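Visitor: I am new to this structure and would like to know what stands behind the words used to describe it. Could you take me through them with care?

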Amino acid sequence: MKKIRPLSRRAMLRGLGGVAIALPTLEIMLNRHGDAYAAGDRIPRRFLVAFNGQSLGGDGDTVHNYYVPDVVGPDYDLKIATMPLGGYDNIKSDVSIVSGLRVPYNTGSGIPAGGWDVQFHTSALGPLLTGVRNKGPDDFPGGNGPSADQIVADAIGSDTFFKSLAYQVQAAWYLSGGSAPYGRDILSYKLDGDMNPIPNPGEVSPKAAFDKLFTGFVPPDPAEAAAKARELAKRKSIIDLVRGDFETLIPRLGKADQVRMQRHLDEIRDLEMRLGAIPPMPTEQCMMFPDPGPDPAIGGDNESLGGDDFDVNNGWSDETQRAKVFHDLIHMAFVCDLTRSVALLYTMAQSHMNIHPIAAHPYDQHELGHSGLGTAEVSKVIAWHVDLFAQLVSKIRDTPEGDGSLLDNCALVLLHEGGHGYDPAGADNSSHSTENMACMIAGRAGGLQHGIHVVAQDMHPGNVLNTAMRAVGVDQDLGEVVGVIPDLLP
């Protein structure tokens, strides 16, 4: 029997006068589960990088972490920080741990490739995310190249509704006194029109992210559908007005302001295209889920970083619930092929989020590492992040796609800001260290190995990101970090 190649859901026919008309959903466009493939005869691959803004150990503790298993290979053991992997119907079998990692640093002879200078929070983050060394001591946060999510988006995301998505779970910086995160809230860097890396901030509001993702989706209730149509028409008319204002204003501005305004205009055009685009065909898996409602209230700033005068009611905006909504959005974006690349920042680098709701200590996340309570207590907060990651992986694993699971076509990475060990500023057993780092990788795209512990001694976390990129079909390295983790690929 002749094998028939399925058509893409986006297949088009040319009518009279060359007008493009979208085809209705036909049986030839469906897989055996009745779900429409968005990319023809090949199921698309998806990529995600998630981030925890905390090192793995506590200051002064000789135990570097309670994260890395004793067992190498399959059926690895779980520690305090990784205990959530034992849940979610044994999600451990779908998640690999990579240990022995490090980001190199300046030892006095210059900044090495993919490495950082001597100020941890302002120097180490950029090389971790982009694989490119700092330009000098004043170069922070040092995003000197595109991040992995943007490399993937450029390679495989151009024909999706959203080339990439960036979400931020931690709702605010939470540090009083007028300071700002100055880049510690950035996980994603993309290239502008002149090929210069620029920050790609994450959406903080789950409600706004929901509204943006489901633009154009038609609700099943007729009254809701009519209201949605009126809303879209109103937004289109507003965009026409604003676009005209921008186009009139831009020529009158200086060069720097022209660049900024042109960026806004490009974003408006992008939104206009999405408003006019045909939404995905609803299926058993691809659907518009209920509106999450208003965002949880933003918690107040922390007047104290920790200790007896720490207000345990500040610095928390129910980030657990916020993460759940973002997980639902990421899951549906992958299922509906709305995007193939996501950056998910759980907590900012040097995070000042209140950890009392998580670990019952009167500290923010960053100060817990300096509190003297030790690595075991720090690991309880790491476990909160691991639990969130496990939730997302299990949700993806439990979604049918093709002849298997959505997870079969994904590569998902969880990074941590630092490890534990020597700080080049002069301290041993420090949380300001990129020694003894580890991370997680899940998914089976491209034959990615799962459920194993791999020791990748002295390799860069960027090598794990390179591995994940290869798994989704992107043959490119992260900045100056070259190569993959061999044991993770077939």
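**Cavities, cores and two aspartates**

Guide: Let us begin with the second largest cavity, which holds about 90 Å³ of space, in a model that is predicted.

Visitor: What makes this space count among the cavities of 30 Å³ or more, and how many of them does the structure hold?

Guide: Its volume is about 90 Å³, and that value meets the limit of 30 Å³ or more, which 4 cavities in the structure reach. The word cavity itself is used because a 1.4 Å probe fits there but cannot get out.

Visitor: Which residues line the second largest cavity, and which lie nearest its centre?

Guide: The lining is made of 15 residues, and Gln54, Ser55, His121, His366 and Ser431 are the ones nearest the centre. Two elements, α2 (120-123) and α10 (365-369), each give two or more residues to this lining, and α10 has the largest share, with 3 residues.

Visitor: How do you know whether that lining is polar or nonpolar by class?

Guide: Sorting the lining residues by class gives 13 polar, 1 nonpolar and 1 charged. Ser and His, for instance, are counted as polar because they belong neither to the nonpolar nor to the charged list.

Visitor: Why is Asp94 called buried?

Guide: Asp94 has a relative accessible area of 3%, and buried means under 20%, so Asp94 is buried. Asp94 sits in the loop between α1 (87-90) and β5 (95-101), and, setting aside residues up to four places away in sequence, touches Arg397, Leu407, Ile441, Ala442, Gly443, Arg444, His450 and Gly451.

Visitor: What makes a residue such as Leu412 part of the largest nonpolar core?

Guide: A core of this kind joins buried residues, Leu among the types allowed, through side-chain atoms within 4.5 Å. Leu412 is one of the residues that touch the most other members of this core of 64 residues, together with Leu48, Leu329, Leu344, Tyr346 and Phe389. Helix α11 (residues 375-397) supplies the largest share of the core, 11 residues. Beyond four places in sequence, the residues that Leu412 touches include Leu48, Phe389, Val393 and Met440. Apart from this core lies another, of 48 residues, among them Val103, Leu187, Leu465 and Ala471.

Visitor: Where is Asp458, and which residues is it in contact with beyond its neighbours within four places in sequence?

Guide: Asp458 is placed in the loop between β16 (452-455) and α12 (461-471). With those neighbours left aside, Asp458 is in contact with Gly100 and Arg102, where contact means heavy atoms within 4.5 Å.

Methods. Residues are numbered from 1 along each chain as its sequence is written. This is a predicted model: local features need pLDDT of at least 70, side-chain atom pairs count only at pLDDT 80 or more; totals for chains, interfaces and linings use all residues. Side-chain values use heavy atoms; hydrogens and water are left out. On a 1 Å grid over the protein atoms alone, a cavity is a set of points where a 1.4 Å probe fits but cannot get out, and a pocket is an open set with protein on both sides within 12 Å along at least five of seven lines; lining residues have an atom within 4 Å of a point. Grid points are joined across faces, edges and corners, and a volume is the space filled by probe spheres set on the points. Buried means under 20% relative accessible area, exposed over 50%, partly exposed in between (1.4 Å probe, protein chains only).
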